Amino acid sequence: MNVYRNPVHRGFFPDPAVVRVGEDYYKVNSTFQYFPAIVISHSRDLVHWEIIGHAITENEYLDLSETLDSRGIWAPDISYYNGKFYIMATLRFNGNDKEEGPLRCQLLMTAESAEGPYSKPVVLPVDNIDPSHFVDDDGKHYMIIAPGITVVPLSDDCTKVTGEPVQVWEGTGERCPEGPHILKKDGWYYAIVAEGGTGYGHGINVGRSKNLFGPYESSPYNPVMRQTDSEAEIQRAGHGCLVETQKGDWWCMYLCGRRNGGNYTTLGRETALDPVYWTGDGWFVINDGKPSVENVMSLPKVTYEESKCDDFNESRLSLMWEWVRNPDKNNYSLTERKGFMRLYTGGSPLYDVSAKNTLVRREQELEFTAETRVEFAPEYEGEQAGMVCYYATNTYIRFGIVYNKEWHLELAVNRNKGYEEIIKTEEINCSDIILKVEVKGLTRKFYYKLDNKFIHFATVENCIFLCDEGVPGDRKRHTGTLTGIYACGGKGRSAADFDYFNYYD
């Protein structure tokens, strides 16, 4: 037996859905406003995951350039049928509940291999959230979508809605019945929903019926997953998807969040794993009804070398990276200067949704160090480039070189106050500098290196604004903190050349 720890996919990997094909497992997670969209990961043991691609990689397939924070791609699903992979996801528009018109539509993409390339997304005009794909024994295709378990009939190629949506189970009566899946086993249709909201108190409830369209009875074991200990390390456990191993064992992948200095999940919602046990009366429970921090499994341990550092020596960007919204392909290059990621300045600042050159990777632990070297000689007022700890347009920390009549090293914080707070600025006369951040809990210390020595520049304490819960009144905060590099500002087009980006847990 091999011991593993939750979360199994650490950092911003929310809303997991998983499918097994032979000996291989494939998982998708939400990416919201980040691009490329819908991250796809592969595993041989459900514990060790490697990013292998994205479902949407072309700007012309999905325009997120004006998408507000935490809108965009929500809760994708992956399935496999007759030699083809299907990925469905919600596209959440910018509107709010007071506006007329749909808030959402559903996207469908298919591919012959899990890593893609996937077809251009087909729009399915259903205005709700969290679609999943279900094929019944007679070969008929359905979209299962919120609220509760709502069944939407589809054409054989899944590109058209062929009938009216029918809600077959509303859930148990808790709020926000979402994240629905249908599992058919031993003649029963099991309805699996997340309820209680995606924050603290999230959970998984189950119903079942002998008929897809009901009626459904609720499980006597509900909730089959919920964290009830407010002091436990892992919270927000819900939105689950079941998968059967090649040995006939059952597991549930679900989202969770790790507490940081209180009820702050700075890493966002992550992917966890726990065993599923079938009861004598034909129901199932997950673990002992609550998430585990540590557990065991009998599958052979299959590891891989996770990419945590990037020397930018390849002509294509590593799959660990995400752009904040669609990138402008004319504003960056991995080939103009071999061994460097070149980002050009110009355009909007980080607090504007139209900012283009923000390139980030997921933070995966509550303690880590990140470091980069940048060569940057700005010439125009307002140009800047460097390192960023990024949650959203209204919450981030930037640290880098800024041109303001002279070259300055500057640390600025945006805490959702409508403006950037300059923590410290210092005139420098060097265009080649190493920047570093050390993170421990809610504290972030920033350093620069000159003459082969790191110098402490500034410390930002109590960084609760870099999490889902830390900005009261901001309802759409569903992602997590990512760290990386950026360039923006000014009316010119100066090049910022990044030599490497290293991340150490």
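A nonpolar core is a set of buried Ala, Val, Leu, Ile, Met, Phe, Trp, Tyr and Cys residues joined through side-chain atoms within 4.5 Å. Buried means under 20% relative accessible area, exposed means over 50%, and partly exposed is in between (1.4 Å probe, protein chains only). Keep both in mind for the first stops.

This is a predicted model, in which local features need pLDDT of at least 70 and side-chain atom pairs count only at pLDDT 80 or more, while totals for chains, interfaces and linings use all residues. Residues are numbered from 1 along each chain as its sequence is written, and side-chain values use heavy atoms, with hydrogens and water left out.

**Whole chain**

Show the full C-alpha trace. Along its principal axes, the trace spans about 75 × 45 × 45 Å. The radius of gyration, taken over C-alpha atoms, is 23 Å. That agrees with the value near 23 Å for a compact globule of 505 residues, where the globule rule is 2.2 Å times the number of residues to the power 0.38.

Colour by secondary structure. The chain has 0 helices and 39 strands. Helices (H or I, at least four residues) and strands (E, at least two) are DSSP runs, numbered from the N terminus.

Colour by accessibility next. Buried residues make up 60% of the 505 residues. Contact means heavy atoms within 4.5 Å. Of the contacts with a separation of 6 or more, 59% are between residues 24 or more positions apart.

**The largest core**

Select I397 and F498. They have the most contacts inside the largest nonpolar core, which has 43 residues. Strand β31 (residues 384–392) supplies the largest share of this core, 5 residues.

Centre on I397. What does I397 touch, not counting residues up to four places away in sequence? Its contacts are M387, V388, C389, L411, A412, V413, R444, F446, V460, C463, F465 and L466.

Now select V18, I40, L273 and M297. They are among the 38 residues of another core, which lies apart from the largest one. In soluble globular proteins, nonpolar side chains tend to be buried together.

**The eight-strand sheet**

Two strands pair if DSSP finds at least two bridges between them. Select β4, β26, β29, β38, β31, β32, β33 and β34, in that order. These 8 strands form an open sheet with antiparallel pairing. β4 (34–35) and β34 stand at the edges, each with a single partner strand, so one side of each has no neighbour in the sheet.

Zoom in on β33 (residues 406–415). This strand is mostly covered, with 7 of its 10 residues buried. On one flank, β32 (residues 395–404) pairs with β33 in the antiparallel sense over 10 bridges. Select Y396: its bridge partner in β33 is N414. The hairpin of β32 and β33 has 1 residue between the strands, and K405 in the turn has a positive phi of about 70°.

Next select β34 (residues 420–427), which runs antiparallel to β33 and is joined to it by 7 bridges. L411 stands opposite K424, and N414 has E420 as its bridge partner in β34. The β33–β34 hairpin has 4 residues between its strands, and N416 takes a positive phi near 70°.

**The four-strand sheet**

Move to β20, β21, β22 and β23. These 4 strands form an open sheet in that order, with antiparallel pairing. Which are the edge strands? They are β20 (234–244) and β23 (284–286), each pairing on one side only. The twist averages 30° from one strand to the next, with axes as lines fitted to C-alpha atoms (for helices over the stretch in contact) and angles running from 0 to 180 degrees between N-to-C directions.

Select β22 (residues 270–278). It pairs with β23 in the antiparallel sense over 3 bridges. W278 stands opposite F284 in β23.

**Cysteines**

Show the cysteine sulfurs. How many disulfides are there? The count is 0, with a disulfide taken as a pair of cysteine sulfur atoms within 2.5 Å. Select C105: the closest cysteine sulfur is in C158, 16 Å away, too far for a bond. C105 is buried, at 8% relative accessibility. Then select C256: the closest cysteine sulfur is in C252, 11 Å away, also too far for a bond. C256 is buried, with a relative accessible area of 0%.

**Last stop: P153**

Select P153, in strand β13 (residues 149–153). Is P153 buried or exposed? P153 counts as buried because its relative accessible area is 19%. Residues up to four places away aside, P153 touches H141, Y142, K160, V161, T162, G163 and E164. Add M143: it is 10 residues from P153 in sequence and 6.4 Å away, C-alpha to C-alpha.
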